[in-house]
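Please open the model in a viewer and keep the sequence panel at hand. The tour below proposes what to select at each stop and describes what is found there.

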Amino acid sequence: MEFPRIGVITIQGGGAVAIDLIGQLQGLTGPPEDGGRPTGDRGLLPAAVAGTSAGAIIATLYWAGYKPEAIRDEVVRLFARSRVNAFFGRGSGWLPIRFSGFAAVAAAGAAFLRGPLAFLWHVVWPGRRWYLVPVWWIWQVVSLSFRTLASLNALFVGRGIFPGDGIVSELDRLLRESPLLRPHSERLPPNGLLRFYDVAALHDPATFPLFLIVTDVRRADIVVVSSTDPACADLAIAMSARASAGFPGFFKAARLSNDHDTCVDGGVISNFPAWVFGLDYRRSLRESHDPQLVELAYMPWLHVGLRLPSGDVPSPDSFDGFVRGLVGLLLGRARSLRMISCRWL
């Protein structure tokens, strides 16, 4: 007898490069359908999904019924040049900055790290505007100085460069238009952000548990936002995903509730939350008194983790290799494997 292909999926964070994980998800859950018929072998049936940071956004859209290829297309549209400024929102503080301006500062910073000549070439090279060379130099220096000042102002005054309001509004729109919730649009509240309670009240058997990992800076603690936990019922889904993906410094801290009002990227503590699906999770399913979840607790499942390649490991034999290893540790190489006991929200 062949057991059903059921699995729980953990999606790690990874910033912009996490789009590679969408391809992994597509390979895991099966190829697209042609005229309603599968084009290849049957993929894994999801029993639950957990995500951190950019993986939280992917997990949320997948939980809402989007196919991996549809998630990829939406991400490409959101990051299009014409929409990216609105997606991140205008920087806070008395010198607001748009994402395009910050990207120019980041490009100049990258050139500076390559060396003085590379930075000079980046700043003063006028392209084909030879007849505007002096004006172009002045404009480059003034523009770069203003954008750098605006970025630092937003970072230190606003405790984050971008508010991320566009992320919340776009995620909420995608949730309302998702395959899971579009058929129930008349039963959803017309105003405000959708909350986990709104989805749970539909009693749709197609839903499976969703877990988003968030770091609470004020409490110095990790928070697990669960679609099946009654304590999370009043939390906005889009805001929860935005909080999990709120890289500190780049985004302002998000407010989930009165008790959790300073929330940032879950990857600060746990970038690969595989521990969510431990023995405690099965126990919580058995004690939930929800027939669908109790049935899930006694099912055999595979635990699949979607992760990005770690790349070459720096050698500690040289000072440069030691420094790069230390920087990688501080930036999160170790937290991908960290197994911790956490407090559920």
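**First stop: strand E5**

Select residues 210-216, which form strand E5. Both of its faces are covered: Leu-210, Leu-212, Val-214 and Asp-216 are buried on one side, and Phe-211, Ile-213 and Thr-215 are buried on the other. Seven of the seven residues of E5 are thus buried. Here "buried" means under 20% relative accessible area, "exposed" means over 50%, and "partly exposed" lies in between, with a 1.4 Å probe and protein chains only. In a regular strand the side chains alternate between the two faces of the sheet.

Before moving on, please note that this is a predicted model, in which local features need pLDDT of at least 70 and side-chain atom pairs count only at pLDDT 80 or more, whereas totals for chains, interfaces and linings use all residues. Residues are numbered from 1 along each chain as its sequence is written, and side-chain values use heavy atoms, with hydrogens and water left out. Helices (H or I, at least four residues) and strands (E, at least two) are DSSP runs, numbered from the N terminus.

**Second stop: the partners of E5**

Keep E5 selected and add strand E6, residues 221-226. E5 and E6 run antiparallel and are joined by six bridges; two strands pair if DSSP finds at least two bridges between them. Leu-212 stands opposite Val-225 in E6, and the bridge partner of Asp-216 in E6 is Asp-221. The two strands form a hairpin with four residues between them, and Ala-220 takes a positive phi near 50° in this hairpin. E6 is itself mostly covered, with five of its six residues buried.

Next, add strand E4, residues 45-52. E4 pairs with E5 in the parallel sense over four bridges, and Ala-50 stands opposite Phe-211 in E5.

Then add strand E7, residues 263-265. E7 and E5 pair in the antiparallel sense over three bridges, with Val-264 in E7 as the bridge partner of Thr-215.

**Third stop: helix H2 and its neighbours**

Two packed helices are described by the angle between their axes and the distance between the axes. Axes are lines fitted to C-alpha atoms, for helices over the stretch in contact, and angles run from 0 to 180 degrees between N-to-C directions.

Select helix H2 (residues 54-63) together with helix H8 (residues 165-176). Their axes come within 10 Å and cross at roughly 20°. H2 and H8 are therefore roughly parallel to each other; angles under 35 degrees count as roughly parallel, over 145 as roughly antiparallel, 65 to 115 as roughly perpendicular and the rest as oblique. The contact (heavy atoms within 4.5 Å) is made by Ile-57, Thr-60, Leu-61 and Trp-63 of H2 and by Leu-171, Leu-174 and Leu-175 of H8.

Now replace H8 with helix H10, residues 237-244. H2 and H10 pack at an angle of about 155°, with their axes 8 Å apart. That makes H2 roughly antiparallel to H10. On the H2 side, the contact is made by Ala-56, Ile-57, Thr-60 and Trp-63, and on the H10 side by Ile-237, Ala-241 and Ser-244. Seven of the eight residues of H10 are buried, so this helix is largely enclosed by the rest of the structure. The buried residues of H10 include Ser-240 and Arg-242.

Helix H3, residues 68-78, may be selected next. Pro-68, Glu-69, Ile-71, Glu-74, Val-75 and Leu-78 are buried in H3. The buried residues of H3 pack against helix H1 (19-29), H2, helix H4 (84-88) and H8.

**Fourth stop: two histidines in loops**

Select His-203, in the loop between helix H9 (196-200) and E5. Is His-203 buried or exposed? At 67% relative accessibility, His-203 counts as exposed. Its phi is near 50°, a positive value in a residue other than glycine.

Then select His-289, in the loop between helix H11 (279-286) and helix H12 (291-297). His-289 is exposed, with a relative accessible area of 72%, and its phi is near 65°, again a positive value in a residue other than glycine.

**Last stop: the whole protein**

Finally, display the entire protein, which has 13 helices and nine strands. Of its 345 residues, 46% count as buried. Among contacts with a separation of 6 or more, 67% are between residues 24 or more positions apart.
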